[in-house]
Amino acid sequence: MFYWVMKHIVVGPILLAIFRPWVVGLQHIPKDGPVILASNHLSFIDSIFLPLVVDRPVVFLAKSEYFTGKGLKGWATRMFFQAAGQLPIDRSGGKASEASLNTGLRVLAEGSILGIYPEGTRSPDGRLYRGRTGVARMVLESGAPVVPVAMIGTEHVMPIGTRLPKVRRIGIIIGEPLDFSRFEGLEGDRFVLRSVTDELVHDLLRLSDQQYVDVYASSVKEQRASQAG
């Protein structure tokens, strides 16, 4: 109920009126049943605008730090992410990554829409980076249809490091569902996982028209952080 009120009455109408997002391909999202929306990730606001334009509720997995802050700011951040329908996950790796996978599978088992970012983190420079194979495991283990989504121009509205968005129009392109049923039962094969991930990212590249970089975005961020330090 809280999610519905925020989306349709309080926050959603204001954001849609200000940023006027254009959308192509909404008809490609199934009207019921589990669905994976696999999107490129250019800005913090991607997780806000994609759910606003989709009729059904969309659940994103957000890093747990957004839900554990202290004081008034921590409370406001936690309430915001809860209102956006996001669930906390631990991204530290190992058992935490397995728990995150299980959380996503639970969302899909409930017949909901799960939003995920194959790159694993925001692009540091607007380019499209190599996908993490966790998305492929989720696709194959759930058997849910996966719909590629390209966010357009969100990095200009709210670049990394900024606190307030700039008023500019953004776009969202939703592609046709991808069929990976030929790999059913092979979610334990790392070569299959890489093949599925690369095929998905290639489709995102086609939709978004970004420049592709065949390294992990997280590696680029770590390298830049070490150089800055």
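In this predicted model, Met 151 stands opposite Ile 172 in strand S8. This pairing belongs to a wider arrangement, in which strands S7 and S8 run side by side in the antiparallel sense over four bridges. Strand S7 also has a partner in strand S2 (residues 35–39), and here the pairing is parallel, again over four bridges. One of the pairs in this second set joins Ile 36 to Val 146 in S7. Strand S7 thus pairs with S2 and with S8. Six of the seven residues of S7 are buried, so the strand is largely enclosed by the rest of the structure.

Ala 150 gives a good view of these surroundings. This residue is part of strand S7 (residues 146–152), and its relative accessible area is 0%. Because residues under 20% count as buried, Ala 150 falls in that class. Which residues does Ala 150 contact, once its neighbours within four places in sequence are left aside? They are Asn 40, Gly 171, Ile 172, Ile 173, Leu 207 and Ser 208. The fold also brings sequence-distant positions together: Ala 150 and Val 24 are 126 residues apart in sequence, yet their C-alpha atoms are 9.9 Å apart in space.

Attention now turns to the helices. Helix H3 (residues 46–53) has eight of its eight residues buried, so this helix is largely enclosed by the rest of the structure. The buried residues are Asp 46, Ser 47, Ile 48, Phe 49, Leu 50, Pro 51, Leu 52 and Val 53. Two packed helices are described by the angle between their axes and the distance between the axes. For helix H2 (residues 12–19) and H3, the angle is about 100° and the axes are 11 Å apart. That angle makes H2 roughly perpendicular to H3. At this contact, Gly 12, Leu 15, Leu 16 and Phe 19 of H2 meet Ile 48, Phe 49, Leu 52 and Val 53 of H3. What is the character of the residues in the contact of H2 with H3, nonpolar, polar or charged? Seven are nonpolar, one is polar and none is charged.

Charged residues come into the picture with the salt bridges. Side chains of opposite charge can pair when their charged atoms come close. The whole structure holds seven salt bridges. One of them joins the side chains of Asp 125 and Arg 224, with an N to O distance of 3.2 Å. Asp 125 sits in the loop between strands S5 (113–116) and S6 (128–129), while Arg 224 is in helix H9 (residues 217–228), so the pair ties together parts that are 99 residues apart in sequence. Both partners are partly exposed, Asp 125 at 31% relative accessibility and Arg 224 at 39%.

A salt bridge also links the side chains of Asp 214 and Arg 130, at 3.3 Å from N to O. Asp 214 lies in the loop between strand S9 (212–213) and H9, and Arg 130 in the loop between S6 and helix H6 (134–142), so this pair ties together parts 84 residues apart in sequence. Arg 130 is partly exposed, with 24% relative accessibility. In a further salt bridge, between Arg 182 and Glu 199, the closest N and O atoms are 2.6 Å apart. Here Arg 182 belongs to the loop between strand S8 (171–174) and helix H8 (190–208), whereas Glu 199 is in helix H8, 17 residues apart. Glu 199 is partly exposed, at 30% relative accessibility. Finally, salt bridges with shared partners join Asp 125, Arg 127 and Arg 224 into one network.

Methods
Residues numbered from 1 in each chain as written. Predicted model: local features only at pLDDT ≥ 70, side-chain atom pairs only at ≥ 80, totals over all residues. Heavy atoms only, no water. Buried < 20%, exposed > 50% of the residue type's maximum accessible area, 1.4 Å probe, protein only. Helix = DSSP H or I, 4+ residues; strand = E, 2+ residues; numbered from the N terminus. Axes fitted to C-alpha atoms, helices over the stretch in contact; angles between N-to-C directions. Parallel < 35°, antiparallel > 145°, perpendicular 65-115°, else oblique. Contact = heavy atoms within 4.5 Å. Nonpolar A, V, L, I, M, F, W, Y, C, P; charged D, E, K, R; others polar. Salt bridge = Lys/Arg side-chain N within 4 Å of Asp/Glu carboxyl O. Pairing = 2+ DSSP bridges.
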